[in-house]
Amino acid sequence: MNKSATSFTCSACGAKHRKWAGRCDACGAWNTITEDAPLGAGPGARALKARGREIALGTLEDDEAPPPRRTSGLAELDRVLGGGLVPASAILVGGDPGIGKSTLLLQAVAGFAGQGLRCLYVSGEEAGAQVRLRARRLGLAEAPVSLGTETALRDILTTLDRERPDLAVIDSIQTMWLDTVESAPGSVAQVRAAAHELVSFAKRRGVSVVLVGHVTKEGQIAGPRVVEHMVDTVLYFEGERGHPFRILRSVKNRFGPADEIGVFEMTGRGLSEVANPSALFLSERGTPSPGSVVFAGIEGTRPLLTEIQALVAQSTLGTPRRAVVGLDGARLSTILAVLEARCGIPFAGMDVFLNVAGGMKVSEPAADLAVAAALLSAREDVALPADTVVFGEISLSGALRPVVQTENRLKEAQKLGFCRAIAPARSKFGGDAGLDVVQMPDLTAFTGAYFGAG
Ligand code: TYD
Ligand code: MG
């Protein structure tokens, strides 16, 4: 018998183990590890002897009309959903505790209700009075939304079955519990079972459900992660504490483009939509200063200009510091290595701090050149010329690679009053970009032109 076929799973965090242990070394919980039932073998599992019924097969031809969309009137939300809410869809909205998920969804249900949808909001976290207080603060106390406060999923499903709303919000999935599952609310087993019940209810009864899930910064709470594959759409609500900007990002969408973002600002009266995010992210920028560079990026289907800031200082530590906010730390290491190896500009012995202004997160490779420009500008204490945007991917050889949607980036920069763009050579765009496009073949040419080094 093949011994390695037996495996064990922690019911609290979902970690797999080869051997049984009293304590899960992944999450530290005690007595949560149980043996997995073997697949199709052993006692307890029935061998697949009886024949199943045959399933109906069809062609790939699409004879159904595209799903109708219902809009909320919150344009940023509707766009992130791919053009509105699809009936009978299941959506997960994840984010850090306190980031504003409940606020967003209360505004969303009020918006959908205003468009004639029957909406139900179930809070498992807050008392009815708390939710009503928030609704009053948001000026939504009159909105025709049914409110329930409950955590017993069996009762919630019975109520939903009677009410048959168009949209039900469950805030949050971690507080829901099913009496058929023997583990605490918030455990992976409960979250998975509760989400499964809600998603199958949504499909069966044609009710759209939104599940709210808390995630920590590191994405640590395993809960919402196990739900991601069950739902049609996964949205993350992001933002930095201390910054009013909030970004709703679609990381998965069966009914629309992924990686679309909606930008909101948290105000004293709830979230307000930001129709021109580039202007907002650049609003705090003063006169051009060393270490500050404007990156012309693309988020989803939209161009977005952000400011990348770097600070480079002589280090007093044996191992210099590398601190990054809003960008990938590994990408910074790569760019520093390329600057050193290909352009002969060392950063050894220097602390490097890198930051995207306004709490925005940038993950595009097109940000490479803007990052390099900010680093060089900080190191040499020389500002880039005013009114200049930068974008381009850096390869390990130091060459600059053209990036997607060059034309959209240029248009956005021009719209915001920039008059120059530094871009990779061979970038593709229509003849008249409306601004001066400086095309650079590689990093050495770039450093030579703007920092007199290289
Ligand atoms: P909340 O929606 O409760 O967050 P989550 O559901 O993600 O845990 O929002 C919490 C924060 O938002 C709280 O710190 C207060 C702030 N807030 C405002 O700044 N303005 C408002 O109008 C509201 C309702 C909340
Ligand atoms: Mg909440």
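Is Asn 31 buried or exposed? Asn 31 is exposed, because its relative accessible area is 64%. Here, exposed means over 50% relative accessible area, buried means under 20%, and partly exposed is in between, with a 1.4 Å probe and protein chains only. This residue sits in the loop between strand S2 (16-17) and strand S3 (33-35). Its phi is near 55°, a positive value in a residue other than glycine.

Before going on, some ground rules. This is a predicted model, in which local features need pLDDT of at least 70 and side-chain atom pairs count only at pLDDT 80 or more, while totals for chains, interfaces and linings use all residues. Residues are numbered from 1 along each chain as its sequence is written, chains are lettered from A and ligands numbered from 1 in the order in which they are written, and side-chain values use heavy atoms, with hydrogens and water left out.

Now step back to the whole protein. It has 454 residues, and 47% of them are buried. Its C-alpha atoms fill a box of roughly 75 × 60 × 50 Å along the principal axes. The protein exposes about 22200 Å², and carbon and sulfur atoms supply 52% of that. Such accessible areas come from the Shrake-Rupley method with a 1.4 Å probe; for residues, only the protein chains shown count as cover.

The chain is divided into domain 1 (1-40), domain 2 (75-275) and domain 3 (280-451). These bounds come from an automatic or database domain assignment. The centres of domain 1 and domain 3, taken over C-alpha atoms, are 47 Å apart. Along the chain there are eleven helices and 21 strands. Helices (H or I, at least four residues) and strands (E, at least two) are DSSP runs, numbered from the N terminus.

How does the chain fold back on itself? Take contacts, meaning heavy atoms within 4.5 Å. Among contacts with a separation of 6 or more, 65% join residues 24 or more positions apart. Glu 35, in strand S3, gives an example. Leaving out residues up to four places away in sequence, Glu 35 touches Thr 6, Ser 7 and Phe 8. The C-alpha atoms of Glu 35 and Cys 10 are 8.9 Å apart, with their positions 25 residues apart along the chain.

Next comes ligand 1. Which residues are closest to ligand 1? They are Gly 98, Ser 102, Thr 103, Thr 267 and Gly 270, out of 16 residues that surround the ligand. A residue is near a molecule or strand if one of its heavy atoms lies within 4 Å of it. By class, this shell has four nonpolar, seven polar and five charged residues. Ala, Val, Leu, Ile, Met, Phe, Trp, Tyr, Cys and Pro count as nonpolar, Asp, Glu, Lys and Arg as charged, and the others, Gly among them, as polar.

Look at the backbone around the ligand. A backbone N or O atom of Gly 98 lies 2.7 Å from an oxygen atom of ligand 1. For a polar backbone atom of Gly 100, the distance to an oxygen atom of the ligand is 3.0 Å. For a backbone N or O atom of Gly 268, it is 3.3 Å. On its own, ligand 1 has 560 Å² of accessible area, and the protein covers 75% of it. Helix H2 (101-114), helix H3 (128-137) and strand S11 (261-267) each give two or more residues to the shell. H2 gives the most, with three residues.

Two backbone details are worth finding. The peptide bond from Asp 171 to Ser 172 is cis, with omega near 0°. Ser 172 lies in the loop between strand S7 (167-171) and helix H5 (188-205). Ala 88 has a phi near 60°, a positive value in a residue other than glycine. Ala 88 counts as buried because its relative accessibility is 19%.

Finish at two buried residues. Arg 409 is in helix H10 (residues 406-415). With 1% relative accessibility, Arg 409 counts as buried. Beyond its neighbours within four places in sequence, its contacts include Phe 295, Glu 364 and Phe 391. Pro 424 lies in strand S20 (residues 420-424). Pro 424 is buried, with a relative accessible area of 0%. Setting aside neighbours within four places, the contacts of Pro 424 include Phe 391, Leu 400 and Met 440.

Terms used: Polar contact = N/O pair within 3.5 Å; in protein donor to acceptor, adjacent residues only side chain to side chain.
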